[in-house]
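Q: Could you take me through the place where the two chains meet, step by step? I'm new to this, so please keep it friendly.

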Amino acid sequence: MIRRPGLVALLAALLTVVLLAPPSARAQDAAPLIQRMATETFNDIAGAVAALATSGSPRAAPVIEALRDNRLVYRQADRAVFIREASGSFVSALTGEPVTDAGTTRPVRLNNAVRRAIDAAMGALTLMNPDPARRAAAAEAVFKSRDASALPALEQAIGQERDARIRILMEEARAAVVVASPEANEADRITAIGVIQRRGDQDALRMLGSLPATAPPRVREAAESASVAIRRTLAVWEAVQNVWYGLSLGSVLLLAAIGLAITFGVMGVINMAHGEMVMIGAYTTFVVQQVLRTMAPGLMDVSLFIALPMAFLVAGAIGIAIERLIIRHLYGRPLETLLATWGVSLVLQQAVRSWFGPTNREVTTPSWMSGSFEVGHLAITANRLAIIIFAAMVFAALLLFLKRTPFGLQTRAVTQNRRMAGAMGIRTNWVDAFTFGLGSGIAGLAGVALSQIDNVSPNLGQGYIIDSFMVVVFGGVGNLWGTLVGAMTLGIANKLLEPYAGAVLGKILLLVFIILFIQKRPRGLFALKGRAVE
Amino acid sequence: MMLTRFLLEKIDRTGWIFLVLLALAAVMVPVLNLAVPPGSPFHVSNTAVSLWGKYMTYALLALAVDLVWGYCGILSLGHGAFFALGGYAMGMYLMRQIGPRGVYSHPILPDFMVFLNWKELPLTWWGFSSFPYALFMVALVPGLLAFVFGWFAFRSRVTGVYLSIITQALTYALMLAFFRNDMGFGGNNGLTDFKDILGFNIQSQTTRAVLFSLSVVALMIGYLLARAIVTSKAGKILIAVRDAEARTRFLGYRVEHFKLFVWTVSAVMAGIAGALYVPQVGIINPSEFSPANSIETIVWVAVGGRGTLVGAALGAGIVNFAKSWFTGAFPQGWLFALGGLFIVVTLFLPKGILGTFTDWWKRRGETREPPAGKAVGQPAE
């Protein structure tokens, strides 16, 4: 899924080498052209550059580049041409092999005519560069410059191009040149507009918009209707993109809130230190990576998989400790629990601040989580995708755990009726402690995920706690599906509001919406029914 | 006369001690600060006056929180919002007083508006050049917000932690809003660089001493008012709401009306506290809205003693004194201490310092008087 430019480039380069005419034969052709540059006559140099560019010789690019950078020199004695490397040593311009003694050299001089020749030559050369990324970039450059002089080179390149994706780029570039060119006939220009419409992105829109007023009316009409069509498609894509961002934000919220949903749902405990459990998970990731970096650098790519169980255990253990030491004494007094856990959160924050320092810690993103790819006009970054998948997995695992395991059964029994569950022989204290541990452990897992997209600082948890509460309260307490729906609704609503209202105002609107929503449904979207709620 | 009798007859012994001490402070601190030369051991330093003045406004805020939390069981995690709104109303008056003395010397617009290239005063700022109008807004804005918010929340029977969380959402939303430059309240930097208040230089020591005394007087009035409310018949119903809301409702009381009344009064008190706070510290910015500030207020009340009024004021003083000392001596330690305080107080001192002390005192003098009319009931849900 993730783009591997290196591999593709290598394959393409091999193909080019195999399929094109034998390079040695062409190098023969190039030699006299290069030799012609060892002169004082600018016209000769410019002519040689143009001829060299179309010769297809592999020496063409380095020689012309060297000329552009004033690194092309010739020996006065025998007019042998050399390239001066950045290190100061010389290589032969004909073969690229190093030479030991270049003797007295003079640079090949440039004037504006030569520079123009070089620019044109470079465009043509990169269009036929063995590296597909460079070819694509060159096609894009022509698309933007709409330089009519590149047209012959472009035609030639399209004929040779084997990579369908790049050929499309080149055809679009040619279409751009044709549309912009006043000499082309009307029918060609309108066909070209069709090609550009198929491209359908912002650049295409800009290209069509820049059509001069002197263009024939039929061409202008075609461009206009193409623009409208492109805008319509782009608007749809933009909405899709926003929904995607919303899903991504929603899964972050889900990860942060789901542990809270468990502790609040089962035990009625508002755990204000929940955000700090997330923070501890993120710091666990940092520590795991630090250890791996010194002990086993080869494992850095799988560091997150090592950090996940560690974060679960560390945060879970701290959670159980908090439950046993503090919260246990405060059951039935939710407001006091709220205050005590707020105290815990302050202590944990300050502890981490004293230990790791107040500044952000750097957590490395493994290579498989970096990069991005496009589906249509939808840009998808790998780390966001990974977090969405991870959130879905955590959610599914938790759901299975609660529905299919004996411990889950006991937990649900305690949620529904604590005293009855106790009477049936369930050790409710034990269930409480482990449920709290589970909720905290999941917060730790969330921390590992968030360490990839957020700053790992002692304040990490603070940023999520209010949002998490909103999700839980909105979705309804004690219902995992409610949390899922709540998180996704808030995430997507937030991102859909952002383009219209701005990030901050959008968030304020959502907060106000939730405050009003609670008036209507004081127990959230999916409230537990029955006597257990009071 | 009637009003004085009404306000004074319900004061218990702790209350009298509190009032007398406050009255002494209101008179003595300015005298010791202004009349006694700096070398003397009785001199009260200038920093102490502004610091204590700040504590007095905090104490008034704590009193407001105690009124709703201690007596009505509404744990507000958003009282800082009312405090800050009152503060902003006062800050806007003080900004208008700067007049052409700002950095950009604009005759009307405050500096930050000139900086934002605004051409005229936004509607929200109209009238703030008048002190009576500003005072009116100090009470009106927090009161109105509390009334509307409470009207919806109490009528829909949003209670307990749900209410706490939406009060927190309220103050968080306001914080985000006030951070926006477009709101026209100075954005990130808030309002500052005040010059004078009612024509008196805000930097002068006399003004500061007077502000201190005014804060003390406001605290005394706030206490008398709160005490009058909680000892009245309505106060009994508030306590009933705190301890058994559903039962009170079944007895035929319109619970939401009582809650709404005390909630609004409390918000106005918090707003006045904020208005006194701003001229003494010389700045108001959106961080005053931060949820952490509101929660810290709760710990003042919890430490001092929830449902005791005097205890709340005392707690505000003690915790803030400790904060000043800690941040001077061990800057690293303050959050540990504050966090520990939350835990220790909720676990071991559910009645706070004053409540625990009163209990101990009563047990000691059990034979002297029957334990009647005690303010501290069972902890509410």
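A: **Where chain A meets chain B**

Putting chain A and chain B together buries about 3800 Å² between them, and carbon and sulfur atoms give 78% of that area. Keep in mind as you look that this is a predicted model. On the side of chain A, the residues that lose the most area to chain B are Leu335(A), Leu339(A) and Gln519(A), together 18% of what that side buries. And why talk about area at all? The size of an interface is often given as the accessible area lost when the parts come together.

Now for the residues themselves. Chain A brings 39 residues to the contact, and chain B brings 41 residues.

What about charges that pair up? Between chain A and chain B the count is one salt bridge. The partners are Glu336(A) and Arg306(B), and their closest N and O atoms are 3.6 Å apart. If you look for polar contacts across the interface of chain A and chain B, the rule finds four residue pairs, with both residues at pLDDT 80 or more.

Next, let's see which pieces of chain A do the touching. Three helices of chain A, α14 (334-356), α19 (462-475) and α21 (503-520), each supply at least two residues to the side that touches chain B. Of the elements on that side, α14(A) gives the most, with 15 residues. Sort the side of chain A that touches chain B by class and you get 28 nonpolar, six polar and five charged residues.

While you have chain B in view, try finding Thr308(B). Look in the loop between α12 (291-304) and α13 (310-329) of chain B. Thr308(B) has a relative accessible area of 12%, so it counts as buried, the cut-off being under 20%. A polar atom of the Thr308(B) side chain lies 3.1 Å from the backbone nitrogen of Gly311(B).

One last stop, back in chain A, is a set of strands. Strand β1 (residues 72-75) and strand β2 (residues 81-84) of chain A run antiparallel and are joined by three bridges. Here Tyr74(A) stands opposite Val81(A) in β2(A). Five residues sit between the strands in this hairpin of β1(A) and β2(A), where Arg79(A) takes a positive phi near 60°. Three bridges also join β2(A) to strand β3 (residues 90-92) of chain A, again running antiparallel. In that pairing, Ile83(A) stands opposite Val91(A) in β3(A). The hairpin of β2(A) and β3(A) has five residues between the strands, and Gly88(A) takes a positive phi near 105° there.

Definitions and conventions: Residues are numbered from 1 along each chain as its sequence is written. Chains are lettered from A and ligands numbered from 1 in the order in which they are written. This is a predicted model: local features need pLDDT of at least 70, side-chain atom pairs count only at pLDDT 80 or more; totals for chains, interfaces and linings use all residues. Side-chain values use heavy atoms; hydrogens and water are left out. Contact means heavy atoms within 4.5 Å. Buried area is the accessible area (1.4 Å probe) that two parts lose on being put together, summed over both. A salt bridge is a side-chain nitrogen of Lys or Arg within 4 Å of a carboxyl oxygen of Asp or Glu. A polar contact is a pair of N or O atoms within 3.5 Å; within protein, one must be able to donate a hydrogen and the other to accept it, and residues adjacent in sequence count only if both atoms are side-chain atoms. Helices (H or I, at least four residues) and strands (E, at least two) are DSSP runs, numbered from the N terminus. Ala, Val, Leu, Ile, Met, Phe, Trp, Tyr, Cys and Pro count as nonpolar, Asp, Glu, Lys and Arg as charged, and the others, Gly among them, as polar. Buried means under 20% relative accessible area, exposed over 50%, partly exposed in between (1.4 Å probe, protein chains only). Two strands pair if DSSP finds at least two bridges between them.
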